[in-house]
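Thanks for coming, everyone. I would like to walk through the sheet first and then the pockets, so please bring the model up.

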Amino acid sequence: MSLRASVLVIGSVNEDITVRVQRFPSPGETLLGLDVTYGLGGKGANQAVAAARTGVSTALLATVGDDAVGARLLGWLDERGVDTALVTRAADTASGTAHIAVDAAGENQIVVVPGANGLTRVVDEAAVARASIVVVQGEVPVAVIENAVAVARQLGTPVLLNLAPVVAVSADTLASVDYLVVNETEAGLLLGRHLTADNAVAALPDLGSAGTNVVVTLGAAGAVWREGELSGHLVAPTVTVADTTGAGDAFVGVMAAALASRFDLRSAAAQGIRAASLAVQLPGAAMTYPSFDLDAT
């Protein structure tokens with residue numbers, strides 16, 4: 001691993017309020033939950049923690065509120081090795097929250113209230129210039145995504161766009177990213193057609209521009225990838241699933257750390273699959289991510 005490798009994540013940070021249930025309620029139905037936990041979440045925070053857990057230097061650019069939740073979020077990030085110097089505390093604003101239900105099979109349903117995440121505005125050019133790779137997702141304003149991609153392109157810093165959720169970024173922005181990462185549902189929304197593990201490799205050339213490297217994650221079926229003229233399907237190991245919350249973010253964060261450490265895309269995606277497979281065996285997301293050894297196979 002390069003000692004100079006570093007990851008800059010520009011994204012969201014939320015408090016996750018997670019309720020375990022035997023099954024999800026039907027519309028209009030009230031169920032009793034089994035228990036409730038409070039912890040660090042948001043795609044930006046999750047990805048930053050996952051990257052930091054590899055030992056690669058990782059910073060997060062984000063916004064939290066000036067409330068007690070914001071103070072807790074900063075403490076949790078610091079404890080997990082994420083540089084929070086670029087996290088702003090917005091006055092008179094509530095921090096973001098995510099309200100998560102997890103059923104007995106480990107599947108989840110999530111409602112996010114963005115709060116202070118919607119106030120992120122400024123992309124720090126010096127931080128982008130210092131980074132080995134910049135990671136941004138769809139949980140910050142579109143203007144921030146487009147600015148981050150433009151600044152990274154101008155400074156020559158590789159940029160990974162995890163378009164989750166799918167938001168209406170410009171065609172120029174999509175064409176300017178070095179790596180596009182989406183899951184099969186998000187890929188289907190971009191393509192306007194249903195995507196499955198069987199047809200995902202064939203669909204890769206239609207995602208992004210000719211110069212964009214693409215990864216589509218397929219949950220238990222692994223992931224497909226395209227780098228230049230090369231493409232393929234990586235399978236995931238069979239594991240006992242406790243909670244799928246944050247699995248995709250573990251994939252993205254660890255893959256970004258691997259790319260920052262000069263792994264090729266196939267190898268970086270394989271590291272992401274390994275990280276996601278470890279993450280789903282534990283409850284929660286960033287709060288319980290284990291250490292990820294990029295040198296392991």
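Two strands count as paired if DSSP finds at least two bridges between them, and strands (E, at least two residues) and helices (H or I, at least four) are DSSP runs numbered from the N terminus. In that sense, the bridge partner of threonine 217 is alanine 223 in β12, and β11, residues 213–217, pairs with β12, residues 223–227, in the antiparallel sense over 4 bridges.

I should say that this is a predicted model, where local features need pLDDT of at least 70 and side-chain atom pairs count only at pLDDT 80 or more, while totals for chains, interfaces and linings use all residues. Residues are numbered from 1 along each chain as its sequence is written, and side-chain values use heavy atoms, with hydrogens and water left out.

The open sheet has 9 strands with mixed pairing, in the order β5-β4-β1-β8-β9-β10-β11-β12-β13, and its edge strands are β5 (87–90) and β13 (230–234), each of which pairs on one side only.

Turning to helix α1, residues 43–52, we find 10 of its 10 residues buried, where buried means under 20% relative accessible area with a 1.4 Å probe, protein chains only; among them are Lys43, Asn46 and Gln47.

Where, finally, does the largest share of the lining of the largest pocket come from? It comes from α8, which gives 5 residues, and α1, β10 and α9 are among the other elements that give two or more.

Conventions:
Buried < 20%, exposed > 50% of the residue type's maximum accessible area, 1.4 Å probe, protein only.
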